Amino acid sequence: MTRRIGLTTGGGDCPGLNAAIRAVVLRAAARGMEVLGIEDGLLGLLAGTGAGVRLLRPDDVEPILNRGGTILGTTNRGNPLAFPMADGSVVDRGDEIVARARELDLECIVMAGGDGTQSIGLELAARGLAVIGLPKTIDNDLSHTEATFGFATAVGVAVEALDRLRTTAESHERVMILEVMGRGAGWIALEAGIAGGAHVVLLPEIPYDPDVVADAIRRRRRAPRPFALVVVAEGAHPPGEAPPRHAWPGTHGSTALGGAGMRCAELLAQRVADCEIRVTVLGHTQRGGTPVPFDRLLATRLGTEAADAAYERDHGVLMAWVPPDVRRIPLDPTIRTPRLVDPASQVVRHAEALGICLGRIPPA
Ligand code: F6P
């Protein structure tokens, strides 16, 4: 009988998921295994959800290397361990997942996802399901891996936005605020801010002092072309204030994060006279579209190694990017701890050494 593995993409989508799907399927086929794609996260294994499973053949996946999104669909509202039922109750359907995977003769399930998906995988593994993790998220906040696919593309989108904002900011001598994704981790803001030449970068990890930011803007206003570029992560906030939220429901917590850029604009307008401020919210443009070459390469290498791990029955592992190699790291509870920007790290010091204001007086 042909050996069979499952493959799912969970949580928020990101560029590179299809490249990873392609690599898993091509490599599995080369080793004589077939891959059953599970739709919409793990919903495809749960009865009554409308999602299902389908065989993925090499010909199906050959053309999807550069396509954004995920051909399997995904959800970040379908945690089988706390599954929201139509009547409003929340039910643990983890055992159903394990049983259905057995019925389908899946030796293991390769799960592409961030910390949420990997934590679900860990719990399902404890109940007897063999899992292999693939690290994806634009936030780049998964522990044990130097990079997750999706991140490089998101940074590229944010840098392009900064390049565009720069020219109009310069023409009008304005303060342009760009709000980027990053609820708890400020990697997109930090790397895009440095690469895009921002003057101020505000991260969730460093609560910002509005007076320090206002001083930085006033200093910029003495420059020959007195414009300023400010990058604000959606989770950035002053000390003692929670990050702003929309009024409508979100995936993470009771309401969706949003408004950090506007909040920063308000605080600056109260402090800096005669200053024209405009706010751009980049939102899901960071998650959509074509993956950049690095994300395609990373997703392809991680996916190839995941298929090899499946072939060798090396289960309970996360594929991690530890340059220059992909390593198999044991999947354990430390995966639940996000990888945040360390305010004392070299990259933060470099940013401040360049004169970028991070909303604090740089440590001596
Ligand atoms: O986790 C990735 C991420 O893009 C976050 O940066 C962002 O806060 C969140 O997803 C948005 O989720 P949703 O697509 O459910 O609004």
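The following legends describe close-up views of a predicted model.

**View 1. The two domains of the protein chain are shown together.** The domain assignment divides the chain into domain 1, comprising 3-149 + 291-331, and domain 2, comprising 153-288 + 342-353. A distance of 33 Å separates the C-alpha centres of domain 1 and domain 2. Where the domains are in contact, 13 residues come from domain 1 and 14 residues from domain 2.

**View 2. An open sheet of seven strands is shown with its mixed pairing.** The strands follow the order β3-β2-β1-β6-β7-β14-β15. β3 (53-56) and β15 are the edge strands, and each of them pairs on one side only. From one strand to the next, the twist averages 30 degrees. Helix α1, formed by residues 17-30, packs on this sheet and touches β1 (3-9), β2 (33-38), β3, β6 (109-113) and β7 (131-135). The direction of α1 makes about 175 degrees with that of β1. Helix α4, formed by residues 115-126, lies across β6, β7 and β14. The angle at which α4 runs to β6 is about 155 degrees. Strands of a sheet pair through backbone hydrogen bonds, in either a parallel or an antiparallel sense.

**View 3. The hairpin of β14 and β15 is shown with its loop.** Strand β14 spans residues 317-322 and strand β15 spans residues 325-330; six bridges pair them in the antiparallel sense. Within this pairing, Met319 stands opposite Arg328 in β15. Two residues lie between the strands of the hairpin. Pro324 is found in the loop that links β14 and β15. The peptide bond leading from Pro323 to Pro324 is cis, and its omega is near 10 degrees. Most peptide bonds are trans.

**View 4. The loop between α3 and β6 is shown at Asp105.** Helix α3 covers 94-103, and Asp105 is found in the loop between this helix and β6. The phi of Asp105 is near 60 degrees, which is a positive value in a residue other than glycine. Most residues other than glycine have a negative phi.

**View 5. An open sheet of four strands is shown with its parallel pairing.** The order of the strands is β9-β10-β8-β13. β9 (200-202) and β13 (277-281) are the edge strands, each pairing on one side only. The twist from one strand to the next averages 15 degrees. Strand β8, made of residues 175-180, runs parallel to β13 and is joined to it by five bridges. Val175 stands opposite Ile277 in β13.

**View 6. Helices α5 and α8 are shown against the strands that they lie across.** Helix α5, residues 151-172, lies across β8, β10 (228-233) and β13. The direction of α5 is at about 165 degrees to β8. Helix α8, residues 260-271, lies across β8, β9, β10 and β13. The direction of α8 is at about 150 degrees to β8.

**View 7. The second largest pocket is shown with its lining residues.** This pocket holds about 170 Å³ of space. Its lining has 14 residues, and those closest to the pocket centre are Asn140, Glu146, Ala147, Phe151 and Glu191. By type, the lining residues divide into eight nonpolar, two polar and four charged. Helices α5, α6 (187-195) and α9 (293-311) each supply at least two residues of the lining. With three residues, α5 gives the most to the lining. Domain 1 and domain 2 each contribute at least three residues to the lining of this pocket.

Notes: Residues are numbered from 1 along each chain as its sequence is written. This is a predicted model: local features need pLDDT of at least 70, side-chain atom pairs count only at pLDDT 80 or more; totals for chains, interfaces and linings use all residues. Side-chain values use heavy atoms; hydrogens and water are left out. Two strands pair if DSSP finds at least two bridges between them. Axes are lines fitted to C-alpha atoms, for helices over the stretch in contact, and angles run from 0 to 180 degrees between N-to-C directions. Contact means heavy atoms within 4.5 Å. On a 1 Å grid over the protein atoms alone, a cavity is a set of points where a 1.4 Å probe fits but cannot get out, and a pocket is an open set with protein on both sides within 12 Å along at least five of seven lines; lining residues have an atom within 4 Å of a point. Grid points are joined across faces, edges and corners, and a volume is the space filled by probe spheres set on the points. Ala, Val, Leu, Ile, Met, Phe, Trp, Tyr, Cys and Pro count as nonpolar, Asp, Glu, Lys and Arg as charged, and the others, Gly among them, as polar. Domain bounds come from an automatic or database domain assignment.
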